[in-house]
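Biologist: Can you walk me through this model? I'd like the packing first, then the oddities.

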Amino acid sequence: MTFTVNKLSDTGAAEILGLDCSRPLDAETLAALDRTMLDHPVTVIRDQALTATQQAGFSCQLGPLEAQDRKTYCHPDDPDVLILSNEVRPDGTAVGIVDAGDFWHSDSSHLPEPCKRTVLYAVRNPAHGGDTEYCNMYQVYDALPADLKRQVAGRYGIHHISKLKNPRVKVSAARADAAAYYRERERETAPVLQPMVRTHPETGRPALYVSPRFTIGIADMPDAAAQPLLDRLFEMIMQPRFHYRHRWRDGDLAIWDNRCLTHQACGGYSLPDIRRMHRTTIRGDRPFYRPAA
């Protein structure tokens, strides 16, 4: 099976045309897709029509799947598919997670082995809003001033899932169970240390690996010094020159590399306008930093 790749931005985004993800891919096509995803950390496969089971089946070809944490919002047809949506049932319960991805982050960096890639399928898009922004963390690291590179080399950031532990973010009022969920996570999960510069295991390139959503401190550094340093790094992440903003079409299947990207959901929509996405995540391994030779 052949497909066409078109560049979408100078920050590592591309689209793929002519690929049907509802059927198993042959080895040659899968290898070509893998090369494309390494060259373009955001890869959008257009014009898909996938059931939840088909999406999970396609995702399994990219690697073992990461188990979903929020079982309440998993798709009834496949537990590996998480529903992200603002839909509400007649009884008032939420169909999916309404506030997913609402601050800059790399998916599951609060876990010892964060997910490798995220696969997000656009089932239904609102008439306005609903974009996703991506930041190329290879480019952010390359652009860091020399003094910042020295300060982060070999250091570890402190990551935690709870928004209640992070003054840079807030709990969404749109999700009734959010505060209770984060209090439970605080009781049950410990902070995780991740290298502030991460070496990509396949490309060998260094990328900055911190985010305003999950990075709440720096190991072995007093907060009085750590927080201003994080602020400087986050200012770099916010610079538009490193960003690609994706405006979703129904049937888009986006795959992004969490080892060298951060992203955020842009919002800008509300009921009765509906946004519904189906997400699968590819299991990763422990991040590491290997200094350049």
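**Core, cysteines, backbone, pockets**

Biologist: What does L144 touch?

Modeller: Leaving out residues up to four places away in sequence, L144 touches K149, V152, L208, L233 and M236. Contact here means heavy atoms within 4.5 Å.

Biologist: What are the ground rules?

Modeller: This is a predicted model, so local features need pLDDT of at least 70 and side-chain atom pairs 80 or more, while totals for chains, interfaces and linings use all residues. Numbering runs from 1 along each chain as its sequence is written, and side-chain values use heavy atoms, without hydrogens or water.

Biologist: Which residues touch the most other members of the largest nonpolar core?

Modeller: V42, Y134, V140, L144, L208, L233 and I237, out of 42 residues. Such a core is a set of buried Ala, Val, Leu, Ile, Met, Phe, Trp, Tyr and Cys residues joined through side-chain atoms within 4.5 Å. Buried is under 20% relative accessible area, exposed over 50%, partly exposed in between (1.4 Å probe, protein chains only).

Biologist: Which element gives the largest share of this core?

Modeller: Helix α6, residues 223-237, with seven residues. Helices (H or I, at least four residues) and strands (E, at least two) are DSSP runs, numbered from the N terminus. A second, separate core has 18 residues, including I45, L65, Y121 and L253.

Biologist: Switching topic. How many disulfides?

Modeller: Zero. The cut-off is a pair of cysteine sulfur atoms within 2.5 Å.

Biologist: Why is C21 too far for a bond?

Modeller: Because the closest cysteine sulfur, in C60, is 13 Å from that of C21. C21 is also buried, at 1% relative accessibility.

Biologist: And what about C115?

Modeller: No disulfide there either; its nearest cysteine sulfur belongs to C260, 12 Å away. C115 is buried too, with a relative accessible area of 1%.

Biologist: Backbone now. Where is there a cis peptide bond?

Modeller: Between L271 and P272, with omega about 10°. P272 sits in the loop joining β15 (261-265) to β16 (276-282).

Biologist: Which residues other than glycine have positive phi?

Modeller: D47 is one of them, with phi near 60°. S108 has phi near 55°.

Biologist: Where are they, and is each buried or exposed?

Modeller: D47 is in the loop between β3 (42-45) and α2 (52-60). D47 is exposed, at 66% relative accessibility. S108 is in the loop between β5 (78-85) and β6 (117-124). S108 is buried, at 8%.

Biologist: Pockets. What volume has the largest?

Modeller: About 790 Å³. Its lining has 41 residues, and D107, H110, I161, F214 and R279 are the closest to its centre. A pocket is an open set of points on a 1 Å grid over the protein atoms alone, where a 1.4 Å probe fits, with protein on both sides within 12 Å along at least five of seven lines; lining residues have an atom within 4 Å of a point. Points join across faces, edges and corners, and volume is the space filled by probe spheres set on them.

Biologist: Which elements supply at least two lining residues each?

Modeller: β5, β6, α5 (178-188), β15 and β16.

Biologist: How does that lining divide?

Modeller: 17 nonpolar, twelve polar and twelve charged. Ala, Val, Leu, Ile, Met, Phe, Trp, Tyr, Cys and Pro count as nonpolar, Asp, Glu, Lys and Arg as charged, the others, Gly among them, as polar.

Biologist: And what volume has the second largest pocket?

Modeller: About 520 Å³. Of its 28 lining residues, N86, V98, D99, S172 and A174 are the closest to its centre. The split is 13 nonpolar, nine polar and six charged.
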